[in-house]
Amino acid sequence: MESLEVLLLDPMNEYLEQELDRRCRLVRLWESPPDRRADFVRAHAASIRAVVGSPGYGAYAALIDSLPALEIIASFSVGIDHIDLAKCKERGIRVTNTPDVLTDDVADLAVGLAIATLRKIPQADRYVRAGQWKNHNGAFTLTTRFSGKRVGIIGLGRIGLAIARRVEAFDCPVNYHQRTKQAYPSYTYYPSAVELAANSDVLVVACLLSAQTRHIVNREVMEALGPKGVLINIGRGAHVDEAELVAALVDGRLGGAGLDVFEDEPNVPEALFPLDNVVLGPHVGSGTHGTRTAMVDLVLGNLEAHASNEPLLTPVV
Ligand code: NAP
């Protein structure tokens with residue numbers, strides 16, 4: 001694919017950048033100062049045929065409109081909420097993502113966040129490092145058990161199902177909500193997020209982000225989860241009404257939260273920082289060496305397939 005000119009929107013991964021540089025004609029958007037990007041894109045517009053983006057660096061309508069020769073957007077993510085799919089369909093632009101290869105890592109992190117939040121693992125670590133164990137004669141606060149808790153999952157897709165399988169090993173009954181009721185014999189379906197929350201101790205958000213799932217965890221859902229309930233979000237920040245979440249946690253109307261994603265990343269509401277019932281992560285669900293390499297290989301494989309007119313490996317559009 002030496003002749004394929006690819007616009008990379010952000011230095012998201014060293015191996016990805018190196019391989020794109022080696023295999024095709026790479027254009028790095030960040031080489032232009034932010035206030036000159038429109039001119040920079042215009043200068044390359046006639047020849048850019050592919051864009052590689054990520055959740056933090058999307059291919060929205062304005063970018064797509066400015067690239068008349070664009071043929072394919074290969075996303076370095078499974079979620080494609082940062083791509084204007086309607087516009088891509090209208091223009092016949094292909095879109096690919098990176099499903100499956102990251103499922104296990106994201107599911108691991110969801111379970112890890114749930115246990116870390118209930119058992120206060122980060123706080124225990126800070127307690128030891130600060131020398132408080134010695135000073136207080138071992139009296140770290142008692143915490144809450146995870147095993148056996150009712151786990152509610154919004155979105156029993158690839159990642160949601162992997163979370164369900166993991167928590168079953170902790171003797172957790174699994175409940176779920178999504179648009180389609182499936183025939184799982186041991187998982188209980190609820191037709192709404194509120195009903196799911198009312199019947200769960202730990203509520204995990206694992207659905208895709210769309211207009212329908214934006215703020216699917218709203219005040220009503222948080223009230224239903226209640227002061228002993230814990231919210232885990234490894235989906236997208238916009239799944240949760242963050243202002244309501246902060247208020248519910250500060251007021252003690254929600255028991256706790258383990259959050260890998262936020263509405264305005266990398267800005268995290270500072271009101272969360274002093275809270276003892278919250279564990280925060282910098283959007284690292286898929287962030288292991290092996291998975292990120294597998295994601296890069298999928299992005300490259302899709303571009304190679306496109307350049308040689310072969311079927312795409314993981315097409316979305
Ligand atoms: P998937 O297999 O496509 O699953 C998506 C799930 O969302 C399905 O269960 C689907 O069920 C459900 N869903 C869709 N629309 C819904 C609606 N209106 N209400 C309720 N549920 C709805 O996707 P996946 O591979 O599991 O990935 C899920 C999401 O995880 C991604 O889209 C991404 O946002 C997020 N993610 C985050 C990280 C991270 O680093 N934190 C990493 C990877 C992925 P129905 O179609 O039956 O409704």
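Tyr189 is buried in this predicted model, with a relative accessible area of 18%. The cut-off for buried is under 20%, so a value of 18% places Tyr189 in that class. Tyr189 belongs to strand S8, which covers residues 187–189.

**The tyrosine cluster**

The ring of Tyr189 pairs with the ring of Tyr176. Their centres are 5.2 Å apart and their planes stand at 65 degrees, so this pair is edge-to-face. The pair links distant parts of the chain: Tyr176 is in strand S7 (residues 174–177), and 13 residues separate it from Tyr189. Tyr176 is itself buried, and its relative accessible area is 0%.

Tyr176 has another ring partner, Tyr184. Here the centres are 6.1 Å apart, the angle between the planes is 75 degrees, and the pair is again edge-to-face. How exposed is Tyr184? Its relative accessibility is 25%, so Tyr184 counts as partly exposed. Ring pairs join Tyr176, Tyr184, Tyr187 and Tyr189 into a cluster. The count of aromatic pairs in the model comes to 5.

**Parallel strands in the first part of the chain**

Strand S1 (residues 5–8) pairs with strand S2 (residues 25–28) in the parallel sense, over 4 bridges. Between these two strands the chain passes through helix H1 (residues 14–23). The result is a β-α-β crossover, and it is right-handed.

S1 also pairs with S3 in the parallel sense, and S3 in turn pairs with S4. Leu8 has a partner in S2, Arg28, and a partner in S3, Val52. The table sets out these strand pairs.

| Strand pair | Sense | Bridges | Residues standing opposite |
|---|---|---|---|
| S1 and S2 | parallel | 4 bridges | Leu8 and Arg28 |
| S1 and S3 | parallel | 4 bridges | Leu8 and Val52 |
| S3 and S4 | parallel | 4 bridges | Gly53 and Ser75 |

Strand S3 runs over residues 48–53, and strand S4 over residues 72–75. Why is S3 described as largely enclosed by the rest of the structure? The reason is that 5 of its 6 residues are buried.

**Two domains**

The protein is divided into domain 1, made of residues 5–99 and 289–307, and domain 2, made of residues 103–280. The centres of the two domains, taken over C-alpha atoms, are separated by 32 Å. In the contact between them, 7 residues come from domain 1 and 4 residues from domain 2.

The second segment of domain 1, 289–307, has the residue range of helix H12. His306 lies in this helix. His306 is buried, at a relative accessible area of 16%. Its side chain is joined to that of Glu71 by a polar contact of 2.8 Å. Leaving aside neighbours within four places in sequence, His306 is in contact with Glu71, Ile72 and Leu312.

**Gly155 and its surroundings**

Gly155 sits in the loop between strand S6 (151–154) and helix H8 (158–168). Is Gly155 buried or exposed? Its relative accessibility is 6%, so Gly155 counts as buried. Residues up to four places away in sequence are not counted in its list of contacts, which holds Gly160, His177, Gln178, Ala206 and Cys207. Thr213 is 58 residues from Gly155 in sequence, and the C-alpha to C-alpha distance is 10.0 Å.

**Backbone exceptions**

Most residues other than glycine have a negative phi, and most peptide bonds are trans. Some places in this chain depart from that pattern.

Asp100 is not a glycine, yet its phi is positive, at about 70 degrees. Asp100 is found in the loop between strand S5 (94–96) and helix H5 (103–119).

Asn309 also has a positive phi, near 60 degrees, and is likewise a residue other than glycine. Asn309 lies in the segment after H12. Asn309 has a relative accessibility of 74%, so it counts as exposed.

Which residues are joined by a cis peptide bond? The bond lies between Glu265 and Pro266, and its omega is about 5 degrees. Pro266 is placed in the loop between strand S11 (256–259) and strand S12 (278–280).

Note on methods. Residues numbered from 1 in each chain as written. Predicted model: local features only at pLDDT ≥ 70, side-chain atom pairs only at ≥ 80, totals over all residues. Heavy atoms only, no water. Phe/Tyr/Trp six-rings, centres within 6.5 Å; stacked < 30°, edge-to-face > 60°. Buried < 20%, exposed > 50% of the residue type's maximum accessible area, 1.4 Å probe, protein only. Pairing = 2+ DSSP bridges. Right-handed = clockwise from strand over helix to strand, strands pointing away. Polar contact = N/O pair within 3.5 Å; in protein donor to acceptor, adjacent residues only side chain to side chain. Contact = heavy atoms within 4.5 Å. Domains from an automatic or database assignment.
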